[in-house]
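Q: Hi! I'm new to this one, could you walk me through it?
A: Happy to, let's put it on the screen and start from a small detail.

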Amino acid sequence: MQILDGKIVSQSVKDDLKSKVDLLKQQGKRLPFLAAVIVGNNGASETYVASKTKNCDDIGFLSTTLRFEETIPEDELIRVVEELNSDNKIDGILVQLPLPQHINNESIINTINPSKDVDGFHPMSTGKLIQGSPTFIPATPYGVMLMLAHYNIETNGKHAVVIGRSNIVGRPMSILLSQQIPNGNCTVTLCHSHTKNLKEICFQADIIIAALGKPGFLTADMVKENSVIIDVGISRVADESKKSGFTIKGDVDFENVASKSSYITPVPGGVGLMTIAALLKNTFNAYEMREANSK
Ligand code: NAD
């Protein structure tokens, strides 16, 4: 069994980006700029955005975080996004989800200029992803693909089972794995909360991507020997021994599944770090496209 180490792979992505930014600095050029929008006081959202901006600092990207009260009206938030769209300094816009209930996620996401849609959630990005055209790939599935590539994991002709069909993780993951691309060419089964015989389906998988948000859900009796296990889940589980009062758990029962697998991602230290690395890569791509178009 080999651990797929998100620290190592994300660091190599970041090192590569940092050397590109260093070159831009030497040439006196404009630097990539990511703007994050955060609404309300969601602790997890604050943690994610803080981590994203710290990573921007580390590699030399510029970044800003715009914070708004939970009560901000939808039309005002739309105006904020429109201003970021027309701000020539900004290359990438991310609006941290979830948004408060009175705000329609789609209205906000659809307002982001597709050329700055570094989260890859705009319908234009989704459409291009389905067509197999170059686009911004949602950061978590993109991060998983970078991880598979780094470890040179054979996917051609393999049976991949994706558990979870959300627009941000499971569905784009299933599309990527089925495409005729490096680390694609899988036969994909996309499972969800209405799937029957999930255990039997998982047992047939060469690769399992667990992205359902249920800690420890994938148990050893559901996986066959030597399968590749990618754990996307991040759940806060109460833990009085921790100062924070919680511990982070993935969707895989790691202790028991690891010994049956050929490769496995840990939580934390796996896909979460890759998600941030992929977001940074998307931001750099957005920057390069804008620079090319401005010539
Ligand atoms: P979601 O709640 O939008 O979707 C969950 C999916 O799981 C749904 O499609 C549902 O049908 C499916 N599901 C639920 N119960 C099931 C069951 N018993 N059997 C089969 N399928 C079931 O969640 P999401 O936004 O896709 O996130 C999933 C998990 O991934 C969460 O733990 C989230 O925190 C985590 N996540 C991690 C990262 C990262 O960077 N590692 C990024 C995004 C999300």
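Q: Where does Asn-197 sit?
A: Asn-197 is in the loop that runs between strand S6 (187-191) and helix H8 (198-203). Keep in mind that this is a predicted model.

Q: What is phi of Asn-197?
A: Phi of Asn-197 is near 55°, which is a positive value in a residue other than glycine.

Q: Okay, S6 came up just now. Which sheet does S6 belong to, and in what order do the strands come?
A: S6 is part of an open sheet of 6 strands, ordered S1-S11-S8-S7-S5-S6, with parallel pairing.

Q: And which strands stand at the edges there?
A: Those are S1 and S6. Each has a single partner strand, so one side of each is left without a neighbour in the sheet.

Q: How many bridges join S5 to S6?
A: Strand S5 (residues 159-163) is joined to S6 by 5 bridges, and the two run parallel. As for a pair you can look up, Ile-163 has Cys-191 in S6 as its bridge partner.

Q: What about the other edge, how do S1 and S11 pair?
A: Strand S1 (residues 2-3) pairs with S11 in the parallel sense, over 2 bridges. Ile-3 has its bridge partner in S11, namely Ile-264.

Q: S11 has S8 beside it in that order too. How many bridges are there between S8 and S11?
A: There are 3 bridges between strand S8 (residues 227-231) and S11, and these strands run parallel as well. Ser-227 stands opposite Ser-261 in S11.

Q: Switching topic: what domains does the protein have?
A: The domain assignment gives domain 1 (28-114) and domain 2 (139-273). Their C-alpha centres lie 28 Å apart.

Q: Let's look at the strands with lower numbers. What is the order in the sheet with S2?
A: The order is S3-S2-S4, in an open sheet of 3 strands with parallel pairing. Strand S3 (62-68) and strand S4 (92-95) are at the edges with a single partner strand each, so one side of each is left without a neighbour in the sheet. On average, neighbouring strands of this sheet are turned by 15° against each other, direction ignored.

Q: Which helix packs on that sheet?
A: H2 does, touching S2, S3 and S4. The direction of H2 makes about 160° with that of S3.

Q: And how many bridges join S2 to S3?
A: Strand S2 (residues 33-39) and S3 are joined by 7 bridges and run parallel. One pair is Val-39 with Phe-68 in S3.

Q: Now the helices! At what angle do H1 and H10 pack?
A: Helix H1 (residues 6-26) and helix H10 (residues 271-293) pack at about 25°, with their axes 8 Å apart. H1 and H10 are therefore roughly parallel to each other. Their crossing is left-handed.

Q: Which residues meet in that contact?
A: On the H1 side they include Val-9, Val-13, Leu-17 and Leu-24, while the H10 side includes Leu-273, Ala-277, Phe-284 and Tyr-287. By class, the residues of this contact divide into 11 nonpolar, 2 polar and 4 charged.

Q: How do H1 and H2 pack?
A: H1 and helix H2 (residues 43-59) pack at about 50°, with their axes 8 Å apart. That angle makes H1 oblique to H2. Lys-14, Leu-17, Lys-18 and Val-21 in H1 meet Asn-55, Asp-58 and Ile-59 in H2. The contact of H1 with H2 has 3 nonpolar, 1 polar and 3 charged residues.

Q: At what angle do H2 and H10 cross?
A: They cross at roughly 60°, and their axes come within 10 Å. That makes H2 oblique to H10. This crossing is right-handed.

Q: Which residues of H2 meet H10?
A: Ser-51, Lys-52, Asn-55, Cys-56 and Ile-59 in H2 meet Ile-276, Leu-279 and Leu-280 in H10. By class, that contact has 5 nonpolar, 2 polar and 1 charged residues.

Q: One last topic: is the peptide bond from Val-267 to Pro-268 cis or trans?
A: The bond is cis, with omega near -5°. Pro-268 lies in the loop between strand S11 (261-264) and H10. A cis peptide bond also joins Leu-97 and Pro-98, with omega about 5°. Pro-98 is in the loop between S4 and helix H4 (105-111).

Technical notes:
Residues are numbered from 1 along each chain as its sequence is written. This is a predicted model: local features need pLDDT of at least 70, side-chain atom pairs count only at pLDDT 80 or more; totals for chains, interfaces and linings use all residues. Side-chain values use heavy atoms; hydrogens and water are left out. Domain bounds come from an automatic or database domain assignment. Axes are lines fitted to C-alpha atoms, for helices over the stretch in contact, and angles run from 0 to 180 degrees between N-to-C directions. Helices (H or I, at least four residues) and strands (E, at least two) are DSSP runs, numbered from the N terminus. Angles under 35 degrees count as roughly parallel, over 145 as roughly antiparallel, 65 to 115 as roughly perpendicular and the rest as oblique. A crossing is left-handed if the near helix is turned anticlockwise from the far one by less than a right angle, and right-handed if clockwise. Contact means heavy atoms within 4.5 Å. Ala, Val, Leu, Ile, Met, Phe, Trp, Tyr, Cys and Pro count as nonpolar, Asp, Glu, Lys and Arg as charged, and the others, Gly among them, as polar. Two strands pair if DSSP finds at least two bridges between them.
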